Amino acid sequence: MTVAVMATCLGDAMFPDAPRATVRLLRRLGVDVAVPDAQTCCGQPMVNTGYLDEAVPLVRTTVGAFEGYEAVVVPSGSCAGSVRHQHRLVAERSGDAALADGVARLAPRTYELSEFLVDVLGVTDVGATFTHRVTYHPTCHSLRMLRVGDRPLRLLREVRGIDLVDLPGAEECCGFGGTFAVKNADTSVAMGSDKARHVRETGAEVLVAGDASCLMHVGGLLSRQRAGVRTMHLAEVLASTAEHPAGER
Amino acid sequence: MGATFVGMPPFPEAARTALADTRLRRNLGHATATIRAKRAAVVAELDDWEDLRRQAAAVKDETLTHLDEHLLTLEAALTERGAIVHWARDAADACAVVAEVARAHGIDEVVKVKSMATQEIGLNEALAARGIAAWETDLAELIVQLGDDLPSHILVPAIHRGRSEIREIFRTRMAAAGRPAPDDLTDDPAALAGAARLHLREKFLAARMAVSGANFAVAETGTLVVVESEGNGRMCLTLPEVLVSVVGIEKVVPTYADLDLFLRLLPRSSTGERMNPYTSTWAGVTPGDGPQEVHVVLLDNGRTRALADEYARQVLRCIRCSACLNVCPVYERVGGHAYGSVYPGPIGAILNPLLKGVGSDPVTDSLPYASTLCGACGDVCPVAIDIPGILVHERVKVVDAHRGDRPKAEALAMRAAAWGLGEAGRMALGEKVSGLVGRLPRRRGMPGGRGALSWLPFPGSRWTGARDLPTPPVESFRAWWRRAGRDEEVRR
């Protein structure tokens with residue numbers, strides 16, 4: 001089957017390693033990968049801030065870009081959540097029945113990366129090697145909007161050489177929250193600082209999550225603190241092999 | 001009482017002040033973590049928790065759909081049992097009814113059982129303005145009242161106070177309100193509770209009139225219900241001659257049997273107990289036993305406005321358990337005062353805008369944004385209110401309410417972003433520009449080799465004040481795909 005990768009706007013423009021790793025990982029698992037040129041942003045930043053009208057062209061672009069693919073894989077819990085649960089609101093608002101139909105067709109074919117690997121491909125051992133001490137942060141939208149459960153951890157546990165350690169208070173929000181990070185910057189930083197402290201307590205070298213946005217926030221704090229902890233998307237760890245380890249160019 | 005929420009700054013500003021209070025953060029962090037763990041443990045004991053939530057939500061929804069009928073049934077049942085029913089459109093109406101009852105009996109002092117509805121309408125302040133003193137008899141409310149403070153939590157109004165602070169409040173303020181605290185008062189919890197007990201006992205015995213709220217109002221029987229932990233409510237409900245109960249119209253449940261559900265969900269969600277210590281029910285007047293004059297004020301104060309919103313009306317299912325406060329990472333760090341209302345936390349962030357309406361005051365408009373949309377609140381809610389969904393819904397209403405104004409920076413930024421991201425070619429162009437930034441010499445690097453931006457001009461400074469931002473990559477994913485990714489050989 002041909003699977004379309006949704007890079008997400010943040011992945012495309014700021015964290016290309018994550019969608020690149022997603023492409024490589026899927027190909028290694030024998031999946032025929034497409035990256036539709038027309039894709040841009042799912043519109044989540046606008047929806048979550050209340051700008052529904054502004055999100056209409058982005059939802060239209062997204063629906064158009066991914067029309068016709070059997071499955072769409074998103075290396076982001078929050079963007080997958082947006083497609084599955086929020087696009088409907090935007091389409092209803094637009095009053096465009098064709099758009100609403102497109103949204104209804106796209107939503108059930110859209111998978112967050114760990115869901116696609118475990119549920120559709122039926123694998124937990126993806127043949128990865130990553131010899132580092134790692135802690136995993138389950139991002140809120142993966143956890144509570146998509147209910148991905150322990151799928152990412154099941155994938156990580158099968159990675160050769162990995163030293164996976166529990167993150168204290170793992171299920172508590174990191175404080176990013178999209179525009180919350182700037183609208184309520186002080187509270188966002190207070191929450192993120194506690195998350196960063198918990199990460200440091202684990203002694204991990206690498207913080208892994210399935211959302212680049214949350215990693216950008218916590219990673220930004222860790223960097224400012226010179227904590228010596230790097231952040232990596234789940235896809236990068238899963239794409240990592242002994243021949244081509246993640247983190248090397 | 002000088003404390004009032006009116007005139008509070010919007011949430012981000014109030015939060016900044018609260019975050020600087022280290023004692024507050026320690027008190028809150030400790031208290032919410034304790035109660036979260038207790039709740040999780042007792043909820044896990046029940047294997048039908050999800051069923052109970054769904055049933056409770058269904059009962060509430062059915063009641064709200066036919067609220068008019070249930071309220072008329074309630075009024076008839078209450079009247080038949082000797083209570084006098086008043087309908088109050090707003091806070092002023094409700095306060096006037098209570099004051100008029102007191103005036104008719106020549107009463108200048110009333111005792112109160114903790115009640116969110118009377119806090120909401122500012123009853124104590126309204127009575128004080130008419131020369132009537134209202135004394136809170138809930139321990140935590142007493143601490144808040146004596147401290148000339150504001151409640152910070154729905155269930156534990158003094159959650160932000162440590163015991164040494166409480167000792168200080170009792171020592172310095174109790175005497176002016178009645179029986180003074182003992183000279184040798186320590187900050188031992190039992191000693192503090194003992195001092196409050198002696199102080200309050202005098203109030204109960206002297207009071208001729210009490211004011212209560214109600215957790216539930218049973219339509220078919222005209223029964224009001226108060227759930228509490230200390231027994232003070234029972235004192236208020238039985239000792240005085242006159243009782244006035246102020247009840248939000250959403251508190252109605254159709255039948256006595258419906259209570260079963262809620263009395264199982266509420267204590268586990270709120271205090272982490274299997275059952276609450278005191279459940280009191282009362283209905284009308286019984287000659288020679290208890291209050292001989294009972295008034296019930298049925299309060300709207302924005303509830304019909306919330307009811308008119310077909311999607312968000314589920315907010316009126318709320319049974320004020322405060323489980324959403326205790327799991328909210330935002331509430332945990334800033335406390336209740338920052339929300340500028342007696343209803344703080346996630347429920348306050350949706351309830352206040354729904355009761356008051358958005359678009360008219362900046363505090364209310366800031367509340368739907370006082371959340372990261374992490375969803376923890378929705379998961380714990382015992383009546384399954386979609387709090388994260390309503391937060392977004394209210395944000396949309398806030399934005400729409402201001403569409404006619406001169407656009408602020410945020411609206412312009414959203415429009416610009418929507419344009420820039422609306423079409424792939426425009427996005428690619430933007431990435432070329434950001435790629436140039438990525439080529440600039442790096443002043444320092446992040447772990448993993450990316451350069452770090454540590455300073456940006458406003459509004460980027462809202463990010464870089466405490467966080468680094470990676471420099472943009474030289475090559476976007478889109479550009480990589482076109483250059484090499486499309487034809488890249490599979491790496492094993």
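## Helix H6 and its two sides

In this predicted model, helix H6 of chain A runs over residues 97–106, and its buried residues are Leu99(A), Gly102(A), Val103(A) and Leu106(A). Look down the axis of H6(A) and those buried residues fall within an arc of 100 degrees, so they line one face of the helix. The spacing fits the usual helix geometry: an α-helix has 3.6 residues a turn, so residues three or four places apart point the same way.

Flip to the other side of H6(A) and you'll find Ala97(A) and Ala104(A), which are exposed.

## What H6 packs against, and how it starts

So what do the buried residues of H6(A) pack against? Two helices and two strands of chain A: H4 (52–66) and H5 (77–94), plus S3 (71–74) and S4 (110–112).

At the N-terminal end, Asp96(A) acts as the cap for H6(A). One of its side-chain oxygens sits 2.9 Å from the backbone nitrogen of Ala98(A).

## The chain as a whole

Zooming out, chain A has 13 helices and 8 strands. Its C-alpha atoms fill a box of roughly 50 × 45 × 30 Å along the principal axes. For 249 residues, a compact globule would have a radius of gyration near 18 Å, and chain A agrees with that, at 18 Å.

Buried residues make up 63% of the 249 in chain A. Of the contacts with a separation of 6 or more, 79% are between residues 24 or more positions apart. As for the outside, the accessible surface of chain A comes to about 8200 Å², with 49% of that belonging to carbon and sulfur atoms.

How values were computed
Residues numbered from 1 in each chain as written. Chains lettered and ligands numbered in written order. Predicted model: local features only at pLDDT ≥ 70, side-chain atom pairs only at ≥ 80, totals over all residues. Heavy atoms only, no water. Buried < 20%, exposed > 50% of the residue type's maximum accessible area, 1.4 Å probe, protein only. Helix = DSSP H or I, 4+ residues; strand = E, 2+ residues; numbered from the N terminus. Arc of directions from axis to C-beta. Contact = heavy atoms within 4.5 Å. Polar contact = N/O pair within 3.5 Å; in protein donor to acceptor, adjacent residues only side chain to side chain. Rg over C-alpha atoms; globule rule 2.2 N^0.38 Å. Areas by Shrake-Rupley, 256 points an atom, 1.4 Å probe, with all protein chains shown as cover.
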